[in-house]
Amino acid sequence: MTGSDGSQHWAPGEHILWRYRGNGTEDVAICRPVTVVQDTPELLAVWMAPGTKCVRPVLADGTPVHDEPLATRYTAPRTTERARWSGAGVLKLARPKDPWSVWLFWERGWRFRSWYVNLEEPRTRWSGGIDSEDHFLDISVYPDRSWLWRDEDEFAQAQRAGLMGPEQAARVLAAGREAVELITSWGAPFADGWEDWRPDPAWPVPTLPADWDRTPAHTAP
């Protein structure tokens, strides 16, 4: 689908890949097949269904990353594994230039739990999906409009491990404070009613392609 500005947009129901590179590398470390809910010049919304087969990082011996002590979590050798997303699905919302995306989580039975602001590199679009790089620091936002920082220890350790220099860390903190201003003013997407959204029951669960880590052939405009 082509937008009015000439850029390419995906149609609702299309399957794309939401990927994250390993920090400081071009290698894909996280890959999640998702279904497009909405794609406009203002907002990309996608649905990651329960049971989706994804790619995630693990230590070289198969140990989950978060089971590794923080001091060596970012220096121990890693690989990737395929695993299905457990629990309820996730709705992801991203405005093109924002250095974060906003994820919505529900408990089983569609009881809304929280929003999650994932600080990350503004996403690069390509023909098969979007690529970004995670910035470690995150924010949880609750229905009563309270919020709290997440993973501050990992953000600090990533800097000690050399995965993020002082200038980049300062930019990430500034982005986080900008996100907090958006939360406290209850701007979009928090005030937009996405917590009442539901996926089309006819949508199939996207499959993980064999070439999930392929280098994009070109960057979409």
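## Aromatic cluster

Trp 47, Trp 106, Trp 110, Phe 112, Trp 115, Trp 186, Phe 190, Trp 197 and Trp 203 come together as one aromatic cluster in what is a predicted model. The structure holds 15 aromatic pairs, and one of them joins Trp 106 to Trp 110 in an edge-to-face arrangement, with 5.0 Å from centre to centre and 70 degrees between the planes.

The two members of this pair fall into separate accessibility classes: Trp 106 counts as buried because its relative accessibility is 3%, under the 20% cut-off for that class, while Trp 110, at 32% relative accessibility, counts as partly exposed.

## Strand S3 and its burial

Trp 47, a member of the aromatic cluster, belongs to strand S3, where it shares one side with Ala 45, while Leu 44, Val 46 and Met 48 lie on the other, and both faces are covered, with each of these residues buried. Strand S3 spans residues 44–48 and is accordingly described as mostly covered, with 5 of its 5 residues buried.

## Neighbouring strands

Strand S2, covering residues 28–39, pairs with S3 in the antiparallel sense over 4 bridges, and a hairpin of 4 residues makes the connection from S2 to S3. Within this pairing, Leu 44 of S3 stands opposite Asp 39.

S3 is also joined to strand S6, residues 90–94, by 5 bridges, again in an antiparallel arrangement, and here the bridge partner of Leu 44 is Ala 94.

## A charge over a ring

Lys 92, whose number falls within the residue range of S6, lies over the face of Trp 103, at 4.0 Å from the ring centre.

Key. Residues numbered from 1 in each chain as written. Predicted model: local features only at pLDDT ≥ 70, side-chain atom pairs only at ≥ 80, totals over all residues. Heavy atoms only, no water. Buried < 20%, exposed > 50% of the residue type's maximum accessible area, 1.4 Å probe, protein only. Helix = DSSP H or I, 4+ residues; strand = E, 2+ residues; numbered from the N terminus. Pairing = 2+ DSSP bridges. Phe/Tyr/Trp six-rings, centres within 6.5 Å; stacked < 30°, edge-to-face > 60°. Lys NZ or Arg CZ within 6 Å of the ring centre and 35° of its normal.
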